[in-house]
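Student: I should like to learn how to read this structure. May we go through it one feature at a time?

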Amino acid sequence: YSSDLLPEIEIDDSISINGACQTAIEVNDKTFTVQAVQVTMEKTTLGHLKSGDDVNLELALRMSDRLGGHMVQGHVNDVGTIRDIRNTCKNYIVIIGVSSSQMKYIVKEGSITIDGVSLTVSDIYKADCSFQVSVIPHTWDHTIFRDKRIGSLVNIEVDILGKYIENLLFAESGHIKD
């Protein structure tokens, strides 16, 4: 990949590519290279990328940095499908379908990461396993959201807090409920 972030990237750095955390294994003055493991290729949209595709890139958070959204780990939990996009002139309303196993972690006014972009869930639709986000025009224009259409696949990372709470609640029983 080629990026304006290149001067900051070193070998072994973590870099989020469309929300999937990868490790830089090679860096030169024009590009950097990552190597994705098979499970990443199966679990994310990275395997669908073609040479020349735009991607969302983000460097790992430094603990001294300001946190402008929520804690994003780069651990993709699901691949969602965009079901609807509406431009209201003030923002874009996007409805995304996910697998039923992820809906328990998605709450109205909670945090969600879509292709590496931290957003707030504006509504949920449990009956059809989908949720809604509102994307401001600036975010739409400066991320790969601008290229998304109905049917586009996106990487979904749910907020880790819900998963930790679930783990704590069910730790004594020896299993996690689905």
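Tutor: Certainly. The model is a predicted one. Its barrel is a suitable place to begin: 6 strands close into it in the order β5-β6-β9-β8-β7-β10, with antiparallel pairing. From one strand to the next, the twist averages 45°.

Student: What holds the strands of a sheet in pairs?

Tutor: In general, strands of a sheet pair through backbone hydrogen bonds, in either a parallel or an antiparallel manner. In this model, strand β8 (residues 117–125) and strand β9 (residues 130–135) run antiparallel and are joined by 4 bridges. One may locate this pairing at Y125, whose bridge partner in β9 is S130.

Student: Which elements does the protein contain, and in what pattern do they follow along the sequence?

Tutor: The protein has 3 helices and 10 strands. Along the sequence, they follow the pattern β-β-β-α-β-β-β-β-β-β-α-β-α.

Student: How many bridges join strand β1 to strand β2?

Tutor: Strand β1 (residues 14–17) is joined to strand β2 (residues 20–27) by 4 bridges, and the two run antiparallel. Within this pairing, S14 of the chain stands opposite T23 in β2. The hairpin of β1 and β2 has 2 residues between the strands, and N18 in that hairpin takes a positive phi near 50°.

Student: What joins β2 to β3?

Tutor: A hairpin through 4 residues makes that connection. β2 and strand β3 (residues 32–34) pair in the antiparallel sense over 3 bridges. V27 has F32 as its bridge partner in β3.

Student: Where else should I look for a positive phi in a residue other than glycine?

Tutor: Two loops deserve attention. C129 is a residue other than glycine with phi near 50°, a positive value, and it lies in the loop between β8 and β9. D115, also not a glycine, has a positive phi of about 50°. D115 is found in the loop between β7 (111–114) and β8.

Student: Why do D115 and C129 count as buried?

Tutor: The cut-off for a buried residue is under 20% relative accessible area. D115 counts as buried because its relative accessibility is 2%. C129 counts as buried because its relative accessibility is 17%.

Student: What may be said of burial and surface in the protein as a whole?

Tutor: Of its 178 residues, 38% count as buried. The accessible surface comes to about 10,700 Å², and carbon and sulfur atoms account for 50% of that surface.

Student: Which residues have the most contacts inside the largest nonpolar core?

Tutor: The general idea is that nonpolar side chains tend to be buried together in soluble globular proteins. Here the largest nonpolar core has 22 residues, and those with the most contacts inside it are I96, I112, I114, F131 and I156. The elements giving two or more residues to this core are β6 (92–97), β7, β8, β9 and β10 (153–158). A second, separate core has 10 residues, including L6, I15, A24 and V76.

Student: Finally, how should I read contacts between residues that are apart in sequence?

Tutor: One takes the contacts between residues at least 6 apart in sequence and asks what share joins residues at least 24 apart; in this protein that share is 61%.

Key:
Residues are numbered from 1 along each chain as its sequence is written. This is a predicted model: local features need pLDDT of at least 70, side-chain atom pairs count only at pLDDT 80 or more; totals for chains, interfaces and linings use all residues. Side-chain values use heavy atoms; hydrogens and water are left out. Two strands pair if DSSP finds at least two bridges between them. Axes are lines fitted to C-alpha atoms, for helices over the stretch in contact, and angles run from 0 to 180 degrees between N-to-C directions. Buried means under 20% relative accessible area, exposed over 50%, partly exposed in between (1.4 Å probe, protein chains only). Contact means heavy atoms within 4.5 Å. Accessible areas come from the Shrake-Rupley method with a 1.4 Å probe; for residues, only the protein chains shown count as cover. A nonpolar core is a set of buried Ala, Val, Leu, Ile, Met, Phe, Trp, Tyr and Cys residues joined through side-chain atoms within 4.5 Å.
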